[in-house]
Amino acid sequence: MLNRMMNNDNNNNNVRLVLATCTGIVSKVETDGSKSITGVKYTRNNEEYTLQATDVIVSAGPWSCQAENWFENALQLPIEGVKSTSIVWKPPMDEQGNPKSVDATALFCGEDDRFVEVYPRPDGTIYICGIGGSDYITTSELQSSAYLSSCPPKSDRAEAATSAFQTMSATYKEYGELQTVQACMRPCPPDAKPYMGKVPGYNGAYINAGHNCWGIAWAPACGKAIAELVLDGECQCLDLSDFDPSRFTTIGSGRGGRGRKKGTMNVGEQW
C-alpha cells in the first residue's frame, strides 16, 4: 500500500519508486578502512542498473539473507522461511443477498481439531491463519530466491481450516464463501529476534528484517527506530542491542556457522 501511494503521488518530486530485483550494493573505501554506500545495483527486464544512494536499508523479509553476499560476508543473516497457508472469507450474505452481522471478536484456538486463528476485518471479511502444515525453507534456499516469484498455498491445509472454522460458526457453515486461499513466507531468525541495526564496516547500510508474523504490528515502532538510526546516527526510542544484525557473525572466519549450529532451538510455527 505504501508503495502504491508513493507511486501515485505525482506531486512528490522527492520520491522515486523502482520496482526491480536488487542484486547488490556499490561502496567506496574511506581512509579509515570503512566503506560508504554509494549506490544500489538492481536488474529490471534483464537489464542491469545502479541507483545512486548514500543510505540503504535492507528490508526484504526472508530474502534479506541475500544481503550476506552484497556486503562481502561482513555479516551472516541466518533466516528460516516458514511458508504458511491462510484463507480469507467473504462477508456472509443471506438468501436475499443481505449482509449478515459478524462478531468482531478475534479467536485464538488451541492446538486441537480447532487450531485456527480468526481475525475479523473492518470490511467484513475474516482472515484465518495458524492452520499448521507449514514448510520450512532454509537460508541457502532463500538465498537462491526460493518462492520469491511464487508462494503457493497448500489446498489440504485450506480445506482443514475451512472445516475447522465451519464447526465453530453456523453462519459460515451455511452462508460462508471463501474469497482467497494464499500463502506467505515468514522470516524467522534462529533466536526469534529480528535483525535491526547497522551493517558492520559500512557507513549508510542498515538491516530491518526477520520479524516473523509480527512485522505489520511492529512496523510503526521499527520504522521509527530505523529512521532515527539513519537520520540521527543512533536510535533513541528503542534499545536495539538485542537485535544486532551481526550477532550470528563469526569474526575473522569468513562465513561462519548458521544459527542452527550455535545451539539455538527451533522456534516452531509461532513465537
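At 81% relative accessibility, Asn46 counts as exposed, where exposed means over 50% relative accessible area, buried means under 20%, and partly exposed lies in between (1.4 Å probe, protein chains only). Keep in mind that this is a predicted model, in which local features need pLDDT of at least 70, side-chain atom pairs count only at pLDDT 80 or more, and totals for chains, interfaces and linings use all residues. Residues are numbered from 1 along each chain as its sequence is written, and side-chain values use heavy atoms, with hydrogens and water left out.

**Exposed loop residues**

Asn46 sits in the loop between strand 2 and strand 3, and Asn45 has its place in the loop between strand 2 (35–44) and strand 3 (47–52). Phi is positive for Asn45, a residue other than glycine, at near 55°. Asn46, again not a glycine, has a positive phi near 65°. Over in the loop between strand 5 (80–89) and strand 6 (107–108) you'll find Ser101. Here are the accessibilities:

| Residue | Relative accessible area | Class |
|---|---|---|
| Asn45 | 69% | exposed |
| Asn46 | 81% | exposed |
| Ser101 | 73% | exposed |

Ser101 also has a neighbour worth a look: Gly124 is 23 residues away in sequence, and the two C-alpha atoms are 8.6 Å apart in space.

**The overall picture**

The protein has 6 helices and 13 strands; these are DSSP runs numbered from the N terminus, with helices being H or I of at least four residues and strands being E of at least two. Of the 271 residues, 36% are buried. The accessible surface comes to about 15,400 Å², and carbon and sulfur atoms own 49% of that, by the Shrake-Rupley method with a 1.4 Å probe. As for contacts (heavy atoms within 4.5 Å), take those between residues at least 6 apart in sequence: 64% of them join residues at least 24 apart.

How sure is the predictor? pLDDT, its confidence in each residue from 0 to 100, averages 87 over the protein, and 86% of the residues score at least 70. Residues 252–271 stay under 50, and for this stretch the model has 45 contacts beyond four places in sequence.

**A three-stranded sheet**

One open sheet is built from 3 strands in the order 4-13-11, with mixed pairing. Its edge strands, strand 4 (56–58) and strand 11 (195–198), each pair on one side only. On average, neighbouring strands of this sheet are turned by 20° against each other, direction ignored. Helix 6 (residues 215–232) packs on the sheet and touches strand 4, strand 11 and strand 13, its direction making about 15° with that of strand 11. Those axes are lines fitted to C-alpha atoms, for helices over the stretch in contact, and angles run from 0 to 180 degrees between N-to-C directions.

Strand 11 and strand 13 (residues 205–209) pair antiparallel over 4 bridges; two strands pair if DSSP finds at least two bridges between them. Lys198 has Tyr206 in strand 13 as its bridge partner.

**Helix 4**

Does the length of helix 4 fit or clash with what 1.5 Å a residue would give? The 14 residues of helix 4 (residues 155–168) should span 20 Å, and the end C-alpha atoms are 20 Å apart, so the two agree. The expected span is 1.5 Å times one less than the number of residues.

Buried in helix 4 are Ala158, Ala161, Thr162, Ala164 and Phe165. Their cover includes strand 5, strand 7 (117–120), strand 8 (126–129), helix 5 (170–175) and strand 10 (178–188).

Methods: pLDDT = per-residue confidence, 0-100.
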